[in-house]
Amino acid sequence: MAGRWVTALEAASDGTVYIGTNKGLMVYQDENFKQFSKEDGLSGAQISELVLDRDGNLFIGTFSDGLTCYYEGEFHIPENEHFAYDSVSALFEDEQGNLWV
């Protein structure tokens, strides 16, 4: 497994498990692990928080490199114009589908 510490866990309804570590993201799906790092498109390797939204998009918060969204098999880094800091300590989707960072 990537990294020594598990820092976040999130499970999808299809059985996929997302594991945030201090060295990137691990995805357990169909009895296989896949490892993702900054080289694969994550904004940073030290993952602090994970949340799946109602549409199945995975939002990945990092300790010092902001936010990444994983959907349709690709990583996307949102523009940080709305974020005052690059450290993400919590993520939450409310009943209206708004993502709180």
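# Report on an all-strand chain

D30 sits in the loop that joins strand 3 (24–29) to strand 4. The model is a predicted one. The phi angle of D30 is near 55°, which is a positive value in a residue other than glycine. D30 is exposed, because its relative accessible area of 65% is over the 50% that marks exposure.

A second loop residue, E72, lies between strand 7 and strand 8. Its phi is likewise positive in a residue other than glycine, with a value near 55°. E72 is exposed as well, with a relative accessible area of 74%.

## The chain as a whole

The protein chain contains 10 strands and zero helices. Read from the N terminus, its elements therefore run β-β-β-β-β-β-β-β-β-β. The C-alpha trace spans about 35 × 25 × 20 Å along the principal axes. For 101 residues, a compact globule would have a radius of gyration near 13 Å, and the 13 Å of the protein chain agrees with that expectation.

Of the 101 residues, 40% are buried. Among the contacts with a separation of 6 or more, 34% are between residues that stand 24 or more positions apart. The accessible surface of the protein chain comes to about 6,400 Å², and carbon and sulfur atoms account for 46% of this surface.

The charged side chains comprise 5 positive and 18 negative ones. The centres of these two sets lie 11 Å apart.

## Aromatic rings

A pair of aromatic rings is described by the distance of the centres and the angle of the planes. How many aromatic pairs does the model hold? The count comes to four. One of them joins F36 and Y70: the centres are 5.9 Å apart and the planes stand at 45°, a tilted arrangement. F36 belongs to strand 4 (residues 32–36) and Y70 to strand 7 (residues 67–71), so this pair ties together parts that are 34 residues apart in sequence. Both F36 and Y70 are buried.

F36 also pairs with F75. Their ring centres are 5.3 Å apart and their planes meet at 70°, so the pair is edge-to-face. Distant parts of the chain are linked here too, since F36 is in strand 4 and F75 is in strand 8 (residues 74–76), 39 residues apart. F75 is buried, as is F36. Through ring pairs, F36, Y70 and F75 are joined into a cluster.

Y70 has further partners. Leaving aside neighbours within four places in sequence, Y70 is in contact with F36, N57, L58, I60 and F75. The C-alpha atoms of Y70 and F59 are separated by 6.4 Å, although these residues are 11 residues apart along the chain.

## Two further sites

Strand 5 (residues 47–52) contains E49. The C-alpha atoms of E49 and G61 are 4.8 Å apart in space, while the two residues are 12 residues apart in sequence. With neighbours within four places in sequence left aside, the contacts of E49 are A8, F59, I60, G61, S89, A90 and L91.

S43 is found in the loop between strand 4 and strand 5. Not counting residues up to four places away in sequence, S43 touches K38, T62, D65, G66, L67, T68 and I77. One of these partners, D65, is 22 residues from S43 along the chain, and their C-alpha atoms are separated by 5.7 Å.

## Exposure of the residues discussed

Is S43 buried or exposed? Its relative accessible area is 9%, under the 20% cut-off, and S43 is therefore buried. Y70 falls under that cut-off too, with 16%. The value of E49 is 23%, and this residue is partly exposed. The table sets out these values together with those of the two loop residues with positive phi.

| Residue | State | Relative accessible area |
|---|---|---|
| S43 | buried | 9% |
| Y70 | buried | 16% |
| E49 | partly exposed | 23% |
| D30 | exposed | 65% |
| E72 | exposed | 74% |

Methods
Residues are numbered from 1 along each chain as its sequence is written. This is a predicted model: local features need pLDDT of at least 70, side-chain atom pairs count only at pLDDT 80 or more; totals for chains, interfaces and linings use all residues. Side-chain values use heavy atoms; hydrogens and water are left out. Helices (H or I, at least four residues) and strands (E, at least two) are DSSP runs, numbered from the N terminus. Buried means under 20% relative accessible area, exposed over 50%, partly exposed in between (1.4 Å probe, protein chains only). Contact means heavy atoms within 4.5 Å. The radius of gyration is taken over C-alpha atoms; the globule rule is 2.2 Å times the number of residues to the power 0.38. Accessible areas come from the Shrake-Rupley method with a 1.4 Å probe; for residues, only the protein chains shown count as cover. Lys and Arg count as positive and Asp and Glu as negative; His and the chain ends are not counted. The place of a charge is taken as NZ of Lys, CZ of Arg, CG of Asp or CD of Glu. Rings of Phe, Tyr and Trp (its six-membered ring) pair if their centres lie within 6.5 Å; planes under 30 degrees apart count as stacked, over 60 as edge-to-face and the rest as tilted.
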